[in-house]
Each structure stands twice: as C-alpha cells, then as structure tokens.
Amino acid sequence: MPFARLLALFLLAASPAAHALTLANARWQVDIDPATLAVTATTRDGVETVISSATARDTILDLVQTPVSAQWQRGGATTIHATLEKDALQLRFERSTAGVVTWPTLPTGVGALLLPLHEGYYIPAGDTAWRDELLSAYGEVNTTEDLTLPVIGLAWPDRVLSILFATPFNNTVRFSADGATLALIAEHDFHPLNQTDPYVVIVNLDAPDWLAPAKRYRQWLQAQGGFIALKDKLARVPDGDKLIGASHLYLWGDRVLAEQDVRDWRQLKALLPHAWVGKDKEAREAVTAPHSGPYVQQVLVSAINAALAEQFPGETADALQQRRHALDATLGKALQPEAARGDTASPRMIHALQAAGLPRLWLGLPDWTAAWASPGAVATAIQAGYLVAPYDSYDTALPDGNDNPSWLSAQLGQDAFERCGIMKPDGQRIKGFQGNGVYTNAACVRPLMERRVRALRADTPYNSWFLDVAATGMLFDDSDPAKPTTQAQDAANRSAALAWLADSEKLVVGSEVGAAAVNRHVAFAHGAQTAGFGWGDPQMRRERASPYYLGAWAPEHQPAFFFKQSQLKPRYQQLYFNPSRRLPLLQAAFHDSVISTHHWTLDSLKFRESRSTTELLQQLYNVPPLLNLSVDTATRRIAYLRHLDAFFRPLHEALFDQALVDFRWRDANGQVQQTTFADGSVIVANFSDQPQQVDAHALPPRSAIARLAGGEEHRFTSPAEGGDRHTP
C-alpha cells in the first residue's frame, strides 16, 4: 500500500474509537492501542509479549504514523511519540498541563521480576513471600532512590522484557495484589516545576539473560556520555590507585583515653583527682576496688573521658587538644607514651593493620573528631598506603540551639535551617532525617560544604571523603520561590558537589548506595550490597529483649547497633539472604565504574545466619568486604578480615576495570552461581552445604573458586565460624 494512502487511513481513524496501530521492522512488530496505551510485541518467530496492559480508554486526536513511528494526542493534554528503532521501542510523553501519566502497566502472572532493589533480586511470579514483602514493606518505589537502576525486567524461559526509564525522575512504580501475583503500574508526575521535561521510556525484548535490563541501561548511559570508567575516576586523584583491592573498615571511637592506653592501673588510681570521679558512684568504687579487672577499667576510663569532656566541652580541635593535654599532665605517668595511645583511629591500630598483612584499606571515621582525639593517626594511615575519610553530610540542617549537639554534620547554622530547607508546594518545609530539622537543597548548602571540607583538610590530611546521602538517589522538588529546583536539577547539583570533591580537592570520593542517577563522580559506595530492611519490625528496631534487636546506639566508641551480632528472622533470611533470589544488576551496570559494598550498619558479621552467604556474594560479585572495627573487637575482626581480603584483593586488582558481563546458575536451584567478566575471568560460588563438581573442579561447601583470564586460580572457603560471634 502506498505510504500516502496508509497515512490517510490513519488520519481518518483519529477518533475516540481509533484502532490499534502497528510499528514494524525486520526484528519485531509492535501493536499499540493509542486510546488505552496497551502495547504488545511479536517477534519474527511469532512469540507474543504484552509490554503494557490497557489503561482507561481516552480520546485520540491528530494521529500520524509511519511504518516505524507514530504521534498522537491523548485526552487533550498528553502528546505521545512512539518510535521503533532496531530492537528498541521508545515512548515519549509530553504534557501541556500538570498531571500524571500512567505507563507502562506491566503484565502479571507469568515469568519473573528482575528488580534492582539494592544490588538486585530475581523474584519468580510464584514467590508469595516476596509478593507479600513488596506489598507490605514497599507498596511503591521510585526509580531514583528505591531502585538503584532506573530499570525493571520481566523474565520468561525464552526472553526478557527490559524496561528502561530514560527519564528517571518523578516516577513511582506501584505494587498491588493480582491474585497470587503482583500488578505493577508506573506513573510519572508532571508538575509546574518539571512540566516542560518529557517522560521517556525505552523497551527492549531481549534474549533470556537476567542481566539484560542492567546491560541495556549501561549501553544507554554510555551512548549518552554519562558512564565514567573507574580507572578514569581514580586517575584524576593522586591516591586513586589505593582504592583498587582495598577492603573497607570503619574505625569507631574518639576517646582521648582507652583502656589499652593505661600502663599502670594502680598508679592511675593514685593520681586520679577526686573531682574527676566525685559525681560518679561507680567510678569512686572502682578507684578503691582491690583489683583492676575489665569492669573496673571500663568504669574508670568512661569516668575520665566524661570528666575531661565536662572540663573542656565542645567537639572542636581545640577542645580535644585541651583534653589530651590535661590527661597527660594529670595521669601521664600511669599511661603509655602519647604516641602509643588512642582509640581505634590511632597510629597503634594502623600499625596493627599493617602487621596483619593488609596493604590496601579504605578507613572511615564515623566523626572527624576521631582524628583530633588521636593526632597523627590519619598521617600514619596515609603513609601506610591507606585511604582515610571522615563521614560528612549536608542533607539535614538543624536550627541553632538544638538538642543534638553530637550530630556534628547537621550543625549547619540557623541561616541554612531557615533558607536552605526543601519547600513543598504548600509552603511547608520537609522535615529532615528522622523528623529532625529540615532536608536541604544541595545547591543552597554547597558553600557550607566547601568551607567545612577545606577547614577540616587544613587540620587533617585526609585523602578520601565520604559524603553521606548524596548518592542515595533521594531527590527533591523544591518549590521555594527563592530557589526552585526539580529532581533532575537536584541530581545535577549533588553530582556537582561530588565532582568538586574529586576535581578541586583531589579526594577519592564515596557516598551512600551509589544509585545510578547520582553516581557519575563517585568512586565507591556503601549500601547496595546489604541494605536496610525490616524498618517496621519492632523486634528488630525497638524491643531490646528480642534476639532480633539490632542494638542500641551506645556506647559511642562501640555502638551495639554496629557491633552486636543479632539473630536474623527466617523470613528475612529467605527474602534478602537467599542466594537464589539475589542478582548482580548494579554490578552488571557499574562494576568497572563504582566500587560498591555493604551498608555500615549491616557489615559481614551483623547476622550469624547470613554470614557465609554475605561472604560468598561479595566474592562472587568481586566487591570489597566492609567491617566495623573497635579496640575491643580488633584482634578477632582483623584476623577474620585477612581471610576475606586474601581472596578479594588479588581478584579486584585484576578485575576492577572489567565489566561483569554474565551471570548464571550452575545448578537447578541457584545454590551454585557463576559470574563472568569482560576479560573472560570466571568466579563460581557454592552456597550449599554440600560439595559440588563444576567444570571438573571440586567446590567444597560454602566456597568459591576464581579462574582469571591469565590462568591464575584462587580459592576461598567461608570460615566455619565468623570472627566475632561473641562480640558485645
């Protein structure tokens, strides 16, 4: 049929009762109902796949079509452009007024869901436990913060449907029950701030590769010029190569006196001024105790630190220096030499890490006060070849005179609290983390960030920086007339702040999660591998007598929340630590761009029941171990880390610049899994409690084997017991 006649027929059909239109090329055919937005694809061999189910029928105007494209107006306010190019179907939505566009409505009841929650999950349609979790714990997710990649996949035995939200902002994916399965509906919100920006979705019908959605996103990002290789990020900063093969440790504690600093407890008791313990009954009893066992030592050290903090209040470099000088002048004769003192972030600990044979480490300080409490620690660590970063954040601003003085990062001043808060359309500010203060506009607080970073670095020679929250994908529309900002602009502002740290300050930059929308200038990220869950579970979060309780945020030098080994409910074990439900989607997109690992609240040792699975997943994906470290736990945890590091480090040195290109099960139930990297290197992990035989290689229970492209072989077996089972 001549094209002119075909076009005329479609123009005649531009009415509320318009028939489905067809786009086709040599690869596939796509049928679209412009009135309901139902879309079905048919491959050359006749396999039919529903891309989107029908929504409510609406009026159609001005329909124009070619064999591979179409444009029409739906409902009077939405203009839709559909384009079929090679193996990609793109739908572009534009609105003349504010409103919500619903598309796609994903088919249900067949296949499996490929979902980049955290690192990624493979969720078969019949998995009722995950169906219930998505309905109860999530309900809905957005495509920047809740999904680490703006993609969703549907998998069948013979194909994968990959859906890429090329406009990742202002999208909500809603889950609802559909019998025994889930219904998924995606919505995009057009509002006065973003109304001129289109909503674009790209759909591909792929071969049966569970990583296909992530690979599609990676290819799209590369085509947009938005993918930056890790080797290029690290080449921009002087100490960048120190991140390659580095395990990650958080060093807790900023006490000026630790138990290990005392050389002679009897002499310390004799020298201790009565005024330092006069208000503390336990401390007075400890002074007169006939022995100096662990309890007495803890009581005395706690009382001395408290007395010094009361005498020289504040969390400043000057206050910490005054406490150290007063300690030395009063009790110095009973203490180790000053150079051998300090909490976890101390020269003494750095030397212990070196002696343990750990040549590459990233060391995080939960507060920059730790460096002031033990001068020389950061310089010693850098001399040892390590990266050292303080925890920093600018996402919550507290007002002056607040009751959270120890929350140092949020003390941004009254002006920031009043002027930089995110404003909702009704004029109210959005409350900050856990309802405190206000969440802030990244561009508004940027000058404060630059001043603080430069001031802290002038005092301490950090070579890395951890900017919390910035790369989580938590983005805001700010309706403040003084600083109107869309989510897209917010993402750009956060990325610019991260780029400033790398380019202007020459720091190795990390942040939380490393979500796709904001990870362009991040070299490492904490949070995607093992992220939070059970937020509404009182036994985990509030009931201290429960074996599932995660722990209190005390004592400050070793918070139980980070060090207590809690029991894991079988339900969460099945959901979040079942290897047959895990999928390296984030790694498939960014393994050679962002080094991703666990969240600091859920390190490898947090749950006894999931420890070996966590170890094997991180080795299989070639991501670094992450542990919390304190003085009391150092001996056991360093020995444990050595075992993990010995396998991870040489592999990462070989694979840090290699894409993760393939993932597959090597058995029927997902207990033996394999990853393959761009150079042909292969890692196989056996998650089961039985020995397995894979490619003529014996795999013991709970073990992994790596065969590098050059022929080098490495083996790892999960230790029979974690290094910290009895940690308090």
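Below, a colleague asks a modeller how features of this predicted model got their labels.

Colleague: Let's start with the ring pair. What makes Tyr122 and Trp665 an aromatic pair, and why is it called edge-to-face?

Modeller: Rings count as a pair if their centres lie within 6.5 Å, and planes over 60 degrees apart count as edge-to-face. The rings of Tyr122 and Trp665 are 5.8 Å apart centre to centre, with 80° between the planes, so both labels apply. A search of the whole structure turns up 34 aromatic pairs.

Colleague: Which parts of the chain does that pair link?

Modeller: Distant ones: Tyr122 is in strand β11 and Trp665 in strand β28 (residues 660–665), 543 residues apart.

Colleague: Why is Tyr122 called buried, and why does Trp665 get another label, partly exposed?

Modeller: Buried means under 20% relative accessible area, and partly exposed runs from there up to 50%. Tyr122 has 13%, so Tyr122 is buried. Trp665 has 21%, so Trp665 counts as partly exposed.

Colleague: Which residues do ring pairs link into a cluster?

Modeller: The cluster holds Tyr121, Trp130, Phe533, Tyr572, Tyr576, Phe577 and Phe607.

Colleague: How do you know that the charged end of Arg159 sits over the ring of Trp156?

Modeller: The distance part of the test asks for a charged end within 6 Å of the ring centre, and there is an angle limit of 35 degrees from the ring normal as well. Arg159 has its charged end 4.4 Å from the centre of the Trp156 ring and is listed as sitting over that ring. Lys606 is placed over the ring of Phe561 in the same sense, at 5.7 Å from the ring centre, so that value also falls within the 6 Å limit.

Colleague: On to empty space. What makes a space a cavity instead of a pocket?

Modeller: A cavity is where a 1.4 Å probe fits but cannot get out, whereas a pocket is open. The search finds seven cavities of 30 Å³ or more. The largest has a volume of about 170 Å³.

Colleague: What lines the largest cavity?

Modeller: There are 18 lining residues, with Leu113, Ile123, Ala125, Thr181 and Leu182 nearest the centre. Two or more residues each come from β10 (112–115), β11 (121–124), α2 (128–138) and β16 (181–190). β16 gives the most, with three. By class, the lining has 12 nonpolar, four polar and two charged residues.

Colleague: And which residues line the second largest cavity?

Modeller: That cavity has a volume of about 120 Å³. Among its lining residues are Tyr394, Asp395, Met449 and Arg494. α14 (442–459) and α15 (487–503) give two or more residues each, and α14 gives the most, with three. The lining divides into seven nonpolar, one polar and three charged residues.

Colleague: What about the second largest pocket, how much space lies in it?

Modeller: About 370 Å³. Of its 23 lining residues, Tyr217, Leu221, Gly226, Ala516 and Ala517 are the closest to the centre.

Colleague: Ala180 is in the loop between β15 (171–178) and β16. Why is Ala180 called partly exposed?

Modeller: Its relative accessibility is 48%, and exposed would need over 50%, so Ala180 stays in the partly exposed class. Leaving aside neighbours within four places in sequence, Ala180 is in contact with Ala125, Thr128 and Arg131. Ala180 and Arg131 are 49 residues apart in sequence, yet 8.1 Å apart C-alpha to C-alpha.

Colleague: Now the backbone. Why do cis bonds and positive phi values get picked out?

Modeller: Because most residues other than glycine have a negative phi, and most peptide bonds are trans. Here a cis bond joins Trp103 and Pro104, with omega about 0°, and Pro104 is in strand β9 (residues 99–106). A cis bond also joins Ala554 and Pro555, with omega about -5°.

Colleague: Which residues have the positive phi, and why are they called exposed?

Modeller: Gln434 has phi near 55° and Ala696 has phi near 65°. Exposed means over 50% relative accessible area. Gln434 is at 67%, so Gln434 counts as exposed. Ala696 is at 71%, so Ala696 is exposed too. Gln434 is in the loop between α13 (414–419) and β22 (438–439), and Ala696 is in the loop between β31 (692–694) and β32 (697–699).

Conventions:
Residues numbered from 1 in each chain as written. Predicted model: local features only at pLDDT ≥ 70, side-chain atom pairs only at ≥ 80, totals over all residues. Heavy atoms only, no water. 1 Å grid on protein atoms, 1.4 Å probe; cavity = no way out; pocket = protein on both sides within 12 Å on 5 of 7 lines; lining within 4 Å. Points joined across faces, edges and corners; volume = space filled by probe spheres on them. Helix = DSSP H or I, 4+ residues; strand = E, 2+ residues; numbered from the N terminus. Nonpolar A, V, L, I, M, F, W, Y, C, P; charged D, E, K, R; others polar. Phe/Tyr/Trp six-rings, centres within 6.5 Å; stacked < 30°, edge-to-face > 60°. Buried < 20%, exposed > 50% of the residue type's maximum accessible area, 1.4 Å probe, protein only. Contact = heavy atoms within 4.5 Å.
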